[in-house]
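I opened this entry to record how one sheet is put together and how helices pack beside it. My notes follow the order in which I looked things up.

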Amino acid sequence: MRRGACQSQRTNTRPLPPGALAATFFLFLSSCATLPAVEPPPPHPSVQTNTSQTTPTPHPVLPPTQPDETTHLLHQIEPLDPQRVEDLPYAVHYEADTQAAVTPQEDVTEAEEEIETQTGPRVFTDKTFTPPPAPVTVDPAHGSDSVLNEETDSDESDEEGSGFDAATQPVFDDDMSRSTLLTAIDRQLAAFRFANLDERLRLGSRRVTKRELKETLVAFRRLLRRNLSSAAFNQAVHEQFEIIEAGKGPDGNKRMQFTGYYTPIMDASRQPTAEYSYPLYRKPEQVPTRRVTWNQRASNRDYGFHLSARTRNLLLTRKEIDGDAVLQDHNLEIAWLKDDLDRYFLHIQGSGYLKFTDGTVQAVRFNGSNELPYKSVGRQMINDGVITEGQGSMQGIKAYFRRNPHHIPRYLYQNRRYIFFELADQGPTGSAGVELVAGRALATDKRLYPGGGLAFISATKPVLDADHRIVGWEPFSRFVLDQDTGSAIKGPKRGDLYFGVGAAAGAAAGHYNQHGRIFYLLKK
């Protein structure tokens, strides 16, 4: 009887429908595919925690500001070193040519090789951008004066190079003052005192040490202080230094594309107001990220039933920081600006001066980035046909956005790279922390060219009128120091020339995009 009952029960049991087991398994795994618990940041040592209380959920972007004694509100931060607008290092002032004929002096002694840090006043305080007279070169072989051929911004001149015959060695004439060059050299030598002189850097296809770069500057400085005539100076440079042509192209016809940058002066406020509503942020202690989650199939054999949840931290973009204000109320603001475009172009320049409502001026400099690649907004606007190639300058881009303010987010957010700033008591500095001299600093790709290297460039430069409008172009040549870099300065043929501070420097740098030649010098 018991056996028959068992048989009857087996007979009445219905089989499971097809796919029921797979569906049950899928629902079980889906309920398990949850995010892992996010560990809160460790508490600050000065903050007492109560382990019996529930730990609050951390902010999705940054941990909450710790209420300790090191936290300061913006209005409590005192200016590091208040300055006046009249004291800022404005655009390049063209004085007598560096190699003008003067009374020769005796050779500098060996004891003067070690250069101490310069503590004197700035030497480039003029607020005008006055072009120099036409450059004059001296033929070392014949001793006769000859004027450089006039160059124009044309395709024909570009093919031949700028300023020099490709088949000859350069003639080392300089359109700026000797004092500005000595200032730039002294500041770089002061930085080398704290550097690892055995570190090897790239110079094209070869390697050089920082010791070689320092010895080159010391020898060149000694040569400058001899106040030689132009012919004697050129002969001494060729005898004492190895001349290395850089850029891109075949030997004897290498070319460099020079652009310009400058240090703007922008109206700012230490407090947010209806007029000043665009914040500048300092870099958070943690890299700002957002957490995203998506589901994906773990294997093709699971026929879409087996899904796994994955989580990844993604870097915050410009849209999320400025458009979504994800960094707001984290005590990261250092100042507020009037205009979103001014803020964007301050990001492009990397440093500037803030003129606050109380009349004080404070330097602001690069403090880090969100580590995303740079994308040219101007190039995208040209590709879209909203501006022409001739309107791709800073001034042309600003003019378009003034007419079409509703397009500002559309294009600015395409450059996802974001720059953070900090207040400083020093003027604009390069990538190695050396304070820059207007007209004497060059930014290059540091994967290819050495920071602190002495170079000689030749190209064309803008001629400005009293209203900072470009009225022409003329050839120039000068010595510069390779002291900076930039996210948009990539490759062997790119160089960015520093024009200085203020409106005149901005007018010149904003339109500057010229081809020329560059030579690095190394002591033999």
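These entries go from the sheet to the helix across it, and then to a helix pair.

Before anything else, I noted that the model is predicted.

**Entry 1, the sheet.** I traced six strands in an open sheet and wrote down their order as β8-β11-β7-β12-β13-β14, with mixed pairing. I then looked at the edges, where I found β8 (278-281) and β14 (419-424); each has a single partner strand, so one side of each is left without a neighbour in the sheet. For the twist I noted that neighbouring strands are turned by 45° against each other on average, direction ignored.

**Entry 2, one strand pair.** I looked up β7 (residues 265-269) and β11 (residues 333-337), which pair in the antiparallel sense over two bridges; for A268 I found the bridge partner in β11 to be L337.

**Entry 3, the helix across the sheet.** I followed helix α8 (residues 340-349) and found that it lies across β7, β8, β11, β12 (351-356), β13 (361-369) and β14, while running at about 20° to β8.

**Entry 4, the helix pair.** I asked myself at what angle α8 and α10 pack. The angle is about 160°, with the axes of α8 and helix α10 (residues 394-403) 11 Å apart, which makes α8 roughly antiparallel to α10. I recorded the crossing as right-handed. On the α8 side I listed L341, D342, F345 and Q349 as making the contact, and on the α10 side M394, I397, K398, F401 and R402. Sorting these contact residues by character, I obtained five nonpolar, one polar and three charged.

Terms used. Residues are numbered from 1 along each chain as its sequence is written. This is a predicted model: local features need pLDDT of at least 70, side-chain atom pairs count only at pLDDT 80 or more; totals for chains, interfaces and linings use all residues. Side-chain values use heavy atoms; hydrogens and water are left out. Two strands pair if DSSP finds at least two bridges between them. Axes are lines fitted to C-alpha atoms, for helices over the stretch in contact, and angles run from 0 to 180 degrees between N-to-C directions. Contact means heavy atoms within 4.5 Å. Angles under 35 degrees count as roughly parallel, over 145 as roughly antiparallel, 65 to 115 as roughly perpendicular and the rest as oblique. A crossing is left-handed if the near helix is turned anticlockwise from the far one by less than a right angle, and right-handed if clockwise. Ala, Val, Leu, Ile, Met, Phe, Trp, Tyr, Cys and Pro count as nonpolar, Asp, Glu, Lys and Arg as charged, and the others, Gly among them, as polar.
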